[in-house]
Amino acid sequence: MSTISTQLRNFKEPTKDQLTHVFFSIPEVPPVPPKDTEKRGSGDIENMEINAILSFGAQEVEDSYAGKLHLLPPYLAFSSLDRKSVKFTLPLSTVRRVERLNARAGVYALSLSTWHGMKIIVQLTSLRPTADLFCSLLREALKAELQRGQMKAVKGFVKTCYSEGLVSLSGISDNEREDGSLITETKEGCPPPETEFHGGLGLQFKFPGDPKKLREASKIKLWTTYLKNHGRNLTLLRYPQCTRLVQVGLPNRLRGEMWETLSGSIYLRFSNPGLYDQLLLDIRGTNSTSFEDIEKDLHRSLPEYAGYQADEGISALRRVLQAYSHRNPEVGYCQAMNILAAAILIYMSEEQAFWLLEVLCDRLLPGYYSPTMHGTLLDQRVFESLVTRCLPMISDHFQAVDVQLSVASLPWFLSLYINSMPMVFAFRIADCFFCMGPKVLFQVGKAILKINGEKLLQIQDDGGFLNLMREYFASLGDSAHPESADPRTRAITRFQELLLISFREFAVISDETILSERRKYRNEIVNSIESFSKRSAVRNLKTLARFTKEQAGFIYDALYKAMCEVPPPPAAAPPPSLLTTADGNQEKAETRIGIPTFHVFLSEILTWARSEKIVINGFQQRIDREVAEHELIDRLFYFWDTSCKGSLSAHKCPQDLVSGLDGVMFNDLMENIEWFFNLHDKNKDGYLTKDEVLTLSESFLFIFRHEIGDAYLGAVSKFMTNAFEYGDSLLPQHTDSKTGAAEPREIGHNQPYLNLATFRMVVLADEVLESFFETDLSASFRLEPVPDLELPPASSGFLGDLWSNIATQDNKRMFNRLSDELGKTIGKHQVIYRPTIGRFTKLEEPTARESLISPPTKTTSSGSSLDTVVVSSSPSTLDTSSIHDNGPLSGSVFSPMPHLKAVNAAFMERTPFAIDDAGDDDDDSDLDMVHGEDDDRVLDEVDAFLEAHDSGLTEADKEMAKDLLNAEPVK
């Protein structure tokens with residue numbers, strides 16, 4: 001987190017289209033360059049949504065639902081009015097036929113046939129022109145998919161999905177155990193079974209838990225029936241029963257495919273065939289910092305699971321993590337990512353796990369696994385806010401005894417509870433997470449606190465909190481009501497109680513609630529992370545030189561502001577030939593700033609690196625600051641670039657800048673003269689050429705450009721005269737053959753001409769230059785508090801959005817230009833430049849010393865004439881406090897330090913749970929069940945989660961929908 005990063009300040013609220021894509025789990029389609037016109041397909045077709053009524057082709061299977069139909073090429077999506085009852089996302093390549101139905105007058109209905117033979121009837125309830133436009137766009141999108149050849153790719157892709165074989169076989173295959181793992185032992189002379197569908201490590205090493213206790217056979221039957229009627233993989237329709245079955249728990253063998261279907265990663269795998277294999281080829285033989293971090297955590301990833309005690313599991317985990325870090329170098333690898341990848345690899349193939357990991361990190365949990373972990377910290381702040389609102393007694397007690405809620409909750413969120421509770425239960429929560437979104441993490445977390453509320457009010461420290469949570473998670477398989485006389489009540493486990501409370505009592509926590517709370521606390525978290533990064537950067541400096549920690553903090557603030565205004569190029573790894581250093585360690589990629597960013601940085605701390613002008617136009621009085629552009633600033637950049645890389649280090653700590661500033665800000669007279677001389681000595685031979693003397697004179701003129709009077713201009717003029725006069729006098733003499741006079745030998749403009757001693761004599765010959773090098777040069781570097789940067793405003797309703805769109809920097813500049821033009825028209829426009837040095841304010845030029853040997857007594861400026869030209873006597877225009885906010889960067893109450901400690905502590909060790917042990921198929925233990933009662937138990941558990949799902953239709957609308965089921969296509 002100590003890396004200087006401005007990514008957090010570039011955050012923008014997602015647009016309506018982006019939120020729609022997230023809701024339907026649709027990947028963003030990258031823009032196609034204008035040159036690649038042949039590749040342009042359905043992504044160029046306009047998006048559109050229309051009111052519609054959805055009916056299922058099979059009668060008496062599902063009710064009809066009112067909602068909105070979205071055309072999001074290359075996808076077609078639908079959601080019911082309540083946005084939770086019914087939802088589907090169909091790739092257009094899976095639509096095989098579209099017909100308009102011959103229905104009642106005024107009814108506009110379409111019949112869609114999908115790849116898996118389903119018939120979906122959509123009644124468009126908008127006006128006729130709108131419906132015609134929608135159909136026209138749908139027709140164009142389907143043609144584009146046909147031209148791209150995606151429809152041909154469906155057949156080969158669905159063969160990789162287990163649901164295809166499950167539906168066709170109508171049950172468990174002969175080569176599978178009850179838990180879904182494959183039977184590898186074969187009879188003599190029989191080859192091992194071959195499968196085309198994808199699967200995870202569980203096929204070989206078995207799945208966690210006892211299949212009989214998990215009722216795998218009953219779940220498979222229920223899901224087989226649902227998938228037959230409602231589509232599967234690419235064409236799955238999510239009706240209310242789908243959500244209920246997910247809450248009960250997915251069967252082991254189907255879990256991986258359902259995870260990628262519910263999350264939308266299946267669409268990425270479908271649209272990017274062969275990309276994962278290509279990534280593996282690209283990273284073969286390469287190395288990176290992320291790869292080293294991955295190697296450290298491989299053997300700490302679910303070590304209790306048998307698959308990760310073998311080379312097959314470790315190798316698969318390594319390939320997935322390395323492929324992801326190579327594809328997303330900005331994220332790379334973050335701790336806890338190995339836990340997620342290891343968990344999903346139990347149920348998914350490497351390719352499936354790779355795409356699901358990308359969806360997790362980029363869309364479902366944005367910012368959770370970034371270098372700053374800002375997403376995790378933000379959601380922890382949101383979780384604390386929700387606990388304070390819903391469970392105030394627990395929140396007040398935690399504050400009273402100084403217990404950090406995030407000590408336990410942060411590992412919950414980071415690992416989706418996988419690292420905290422037994423895997424068989426954590427995967428049930430993961431099922432709901434992929435189906436219903438991130439709100440599940442908040443609902444389950446609050447339910448855990450409520451169930452343990454009485455015990456939580458007794459704890460006194462963080463250790464007691466962690467021990468209580470560990471004991472509770474270990475007892476999730478126990479009965480929630482062991483003393484009840486009702487056997488059905490006794491059969492309810494603590495985990496079932498947890499889910500029931502999560503989804504019933506805390507159903508009020510919606511996706512909109514989470515988004516609103518994130519907007520509310522985002523700026524607080526950004527400020528907290530930046531404050532922590534600043535302290536880390538100052539602490540990581542190799543040396544503070546002669547600066548205090550406060551002054552080093554000011555340097556950091558100025559650099560951070562410059563990087564926000566002119567972002568540096570992204571951190572890049574060194575060339576392959578330079579990947580290793582002399583000691584054999586890999587050289588890490590680092591962020592370095594270029595000249596444009598350096599100009600802005602220097603303008604914050606150096607007076608003559610900026611131009612400040614006071615503008616008075618009759619309507620307003622303001623101070624405008626402009627970044628100066630001059631060869632002297634570029635020369636200073638390369639002078640501080642001691643590593644000769646053409647950039648300055650900004651990785652973790654601005655060491656190059658601190659060292660460079662230390663070389664000038666604390667110098668005395670002679671040291672400053674030598675520093676300025678060395679700055680212009682290009683080849684570092686101890687001499688200035690004639691061209692370099694002229695360049696040095698131009699540097700003086702640039703520094704003194706806004707000074708009042710002719711004092712500094714005269715000083716530079718005398719400097720040039722004396723420099724060439726004494727420079728010529730030190731050249732080797734030769735006698736003219738004609739006149740016999742001794743003259744200096746002529747030399748080229750690029751030959752050594754003026755040494756340091758002579759330069760020092762010339763400078764000391766002038767009182768103005770002597771004063772400049774004695775005090776003014778060092779004083780022109782001013783380390784002052786930098787005003788807090790404005791963060792992007794959070795959405796605050798219509799008026800707030802309207803004001804944020806009006807009060808932009810471009811609009812402010814436009815208003816300033818307009819007022820300046822009006823001021824010029826009425827003759828009241830005036831511009832006054834603020835002096836960068838400001839020592840001499842008289843119009844008369846001070847008398848320079850006549851001799852270098854016996855200089856006259858130095859006069860002070862205290863006796864100067866009162867006949868001065870003052871820019872302004874108003875402190876509101878000249879006092880820098882009117883420009884800058886001198887308050888230091890205030891530390892936020894929310895500190896990320898406890899969260900980091902919690903992460904390191906939580907992921908070093910995972911508590912093994914006996915319930916995760918794979919069950920033995922030969923175990924004939926009596927489960928007190930009679931034949932057929934197992935299925936009834938599962939259905940009873942499904943019914944426990946039933947909620948009212950309003951279809952949004954009147955009785956007349958339902959009758960109309962039933963009539964459409966038997967309607968004939970229009971001839």
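Salt bridges are a good place to start: the structure holds 30 of them, a salt bridge being a side-chain nitrogen of Lys or Arg within 4 Å of a carboxyl oxygen of Asp or Glu. Side chains of opposite charge can pair when their charged atoms come close. Please keep in mind that this is a predicted model, in which local features need pLDDT of at least 70 and side-chain atom pairs count only at pLDDT 80 or more, while totals for chains, interfaces and linings use all residues. Residues are numbered from 1 along each chain as its sequence is written, and side-chain values use heavy atoms, with hydrogens and water left out.

Let us look at D431 and R255, which form a salt bridge with their closest N and O atoms 2.9 Å apart. D431 belongs to helix α18 (residues 423-436) and R255 to helix α8 (residues 252-263), so this pair ties together parts that are 176 residues apart in sequence. Helices here are DSSP runs of H or I with at least four residues, strands are runs of E with at least two, and both are numbered from the N terminus. D431 is buried, with a relative accessible area of 0%, and R255 also counts as buried, at 4%. For these labels, buried means under 20% relative accessible area, exposed means over 50%, and partly exposed is in between (1.4 Å probe, protein chains only).

Next come E505 and K450, whose side chains meet in a salt bridge at 2.1 Å, N to O. E505 sits in the loop between α23 (494-504) and α24 (511-539), and K450 in helix α19 (residues 439-451), so the pair ties together parts 55 residues apart in sequence. Here E505 is partly exposed, with a relative accessible area of 42%, and K450 is partly exposed at 38%.

Within a single helix, R635 forms a salt bridge with E631, the closest N and O atoms being 2.7 Å apart. Both residues lie in helix α27 (residues 631-640), four residues apart, about one turn of the helix. R635 is buried at 18% relative accessible area, whereas E631 counts as partly exposed at 35%. Elsewhere, salt bridges that share partners join K561, E604, R610, E612, R625 and R834 into one network.

R610 from that network also leads us to a sheet, since R610 stands opposite V627 in β11. Strand β10 (residues 610-616) and β11 pair in the antiparallel sense over seven bridges; two strands pair if DSSP finds at least two bridges between them. The open sheet has three strands in the order β11-β10-β17, with antiparallel pairing. Its edge strands are β11 (621-627) and β17, each of which pairs on one side only. Neighbouring strands of this sheet are turned by 25° against each other on average, direction ignored. Helix α26 (residues 595-605) lies across β10 and β11, running at about 135° to β11. Such axes are lines fitted to C-alpha atoms, for helices over the stretch in contact, and angles run from 0 to 180 degrees between N-to-C directions.

I826 is found in the loop between α35 (809-825) and β17 (830-833). At 46% relative accessibility, I826 counts as partly exposed.

Now turn to the strands earlier in the sequence. Strand β1 (residues 48-56) and β2 run antiparallel and are joined by seven bridges, with N51 standing opposite K68 in β2. β2 and strand β3 (residues 75-80) pair in the antiparallel sense over six bridges, and L72 has Y75 in β3 as its bridge partner. β2 and β3 form a hairpin with two residues between them. Strand β2 (residues 65-72) is mostly covered, as seven of its eight residues are buried.

Finally, V86 is located in the loop between β3 and β4 (87-91). V86 counts as buried, at 1% relative accessibility. Leaving aside its neighbours within four places in sequence, V86 is in contact (heavy atoms within 4.5 Å) with L54, Y65, F78, S79, S80, R238, Y239 and P240. V86 and L237 are 151 residues apart in sequence and 7.6 Å apart in space, C-alpha to C-alpha.
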